[in-house]
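User: Please take a close look at one part of this model, the sheet and the helices around it. A connected account would be preferred.

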Amino acid sequence: MSSRLTRLLGLGARAGNVVIGVGGVRAGLQQDKFACVVLAADAGPRTMEKVTRLAEARQIPVLRGPPAEQLGTSLGRPPVQAVGVSDRALARGLMEE
């Protein structure tokens with residue numbers, strides 16, 4: 001599951017269809033920019049609570065991804081706790097898992 005998810009997120013990042021990082025994801029959620037959100041499996045409880053609450057309020061699906069280190073590596077970044085996906089087709093592909 002995580003290898004396909006990370007591969008799709010990597011493609012989305014190269015295409016400019018994802019926002020990486022908790023701050024950007026929270027801002028995007030407030031502006032209804034995302035089709036889904038991916039949280040790292042080991043995201044902190046505060047991060048999970050804040051992002052999940054915003055996503056649920058806007059009825060945006062939240063997916064559990066791999067650990068932050070693996071998620072960041074797949075995106076060419078340091079450890080990443082949250083990723084927002086703006087492309088609907090990419091989000092559908094991620095949710096098929």
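Analyst: The model is predicted, and the account may begin with one residue of a helix. Thr6 belongs to helix H1, which spans residues 2–15. With a relative accessible area of 10%, Thr6 is below the 20% limit and is therefore buried. Apart from neighbours within four places in sequence, the residues in contact with Thr6 are Pro66, Gln70 and Ser74.

The sheet comes next. It is open and is formed by four strands in the order S1-S4-S2-S3, with mixed pairing. Its edges are strand S1 (18–20) and strand S3 (62–64), each of which pairs on one side only. From one strand to the next, the twist averages 20°.

Within this order, S4 and S2 are neighbours. Strand S2 (residues 36–39) and strand S4 (residues 82–85) run antiparallel and are joined by four bridges. In this pairing, Val38 is placed opposite Val83 of S4.

Two helices lie across the strands. Helix H2, covering residues 22–30, lies across S1, S2 and S4, and runs at about 35° to S4. Helix H3, covering residues 45–57, lies across S2 and S3, and its direction is at about 170° to S2. Strand S2 thus appears in the description of each helix: H2 lies across S2 along with S1 and S4, and H3 lies across S2 along with S3. As for the edge strands, S1 is among those crossed by H2, while S3 is among those crossed by H3.

Conventions: Residues numbered from 1 in each chain as written. Predicted model: local features only at pLDDT ≥ 70, side-chain atom pairs only at ≥ 80, totals over all residues. Heavy atoms only, no water. Buried < 20%, exposed > 50% of the residue type's maximum accessible area, 1.4 Å probe, protein only. Contact = heavy atoms within 4.5 Å. Pairing = 2+ DSSP bridges. Axes fitted to C-alpha atoms, helices over the stretch in contact; angles between N-to-C directions.
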